[in-house]
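Thanks for sharing this one with me. Here are a few notes to read with the model open beside you.

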Amino acid sequence: MENIYKSLLNLGFIIYEDKNEFFLQKVSLPHSPKVISQVSFATYDEALNFAKSVVDIEKKTNYKALIRYRQGLGVEYVTVPSIVAKDEKEAEIIALEKSGLLKNSKAKIIEIKIRFQN
């Protein structure tokens, strides 16, 4: 538990107690610029779980996808920018959903390229 708190502290999370309430704050750091103003929780565990969930959300990465497909008139391409996902497999699923190709019964997917996007 102490290691988790130290990791969160290194990311700018501060959890403290005041008058039987626990407060969480996130300050901006060069490697973790997001800021969260003071939020109150009934227990320390609730505050800790909230901080961990925020860190899990920040672990998601931006991807973009290039989908090559055929629907009768030759090869066509569609680019899907700004896909937020945990990994490339999840990004691939989101790209297919966003492109609308899953709903198109004539489209035959030839290739999906997933690229990391800054």
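The points below cover a sheet, the helix lying across it, and one lysine; please keep in mind that this is a predicted model.

1. Let's begin with the sheet. Three strands form an open sheet in the order 5-4-6, and their pairing is antiparallel. Strand 5 (75-85) and strand 6 (108-116) are the edge strands, each pairing on one side only. From one strand to the next, the twist averages 20 degrees.

2. It is worth following the pairing of strand 4 with strand 6. Strand 4 covers residues 61-70, and eight bridges join it to strand 6 in the antiparallel sense. If you would like a place to look, go to Leu66: its bridge partner in strand 6 is Lys113.

3. Next, the helix. Which strands does helix 3 lie across? Helix 3, made of residues 88-99, lies across strand 4, strand 5 and strand 6. Its direction is at about 120 degrees to that of strand 5.

4. My last point concerns Lys26, which you will find in strand 2 (residues 21-26). Is Lys26 buried or exposed? With a relative accessible area of 1%, Lys26 counts as buried, because the cut-off for that label is under 20%.

5. What surrounds Lys26 is also easy to inspect. Leaving aside residues up to four places away in sequence, Lys26 touches Leu11, Gly12, Phe13, Ser32, Lys34, Val35 and Ile36. Leu11 deserves a second look: its backbone oxygen lies 2.9 Å from a polar atom of the Lys26 side chain.

Key:
Residues numbered from 1 in each chain as written. Predicted model: local features only at pLDDT ≥ 70, side-chain atom pairs only at ≥ 80, totals over all residues. Heavy atoms only, no water. Pairing = 2+ DSSP bridges. Helix = DSSP H or I, 4+ residues; strand = E, 2+ residues; numbered from the N terminus. Axes fitted to C-alpha atoms, helices over the stretch in contact; angles between N-to-C directions. Contact = heavy atoms within 4.5 Å. Buried < 20%, exposed > 50% of the residue type's maximum accessible area, 1.4 Å probe, protein only. Polar contact = N/O pair within 3.5 Å; in protein donor to acceptor, adjacent residues only side chain to side chain.
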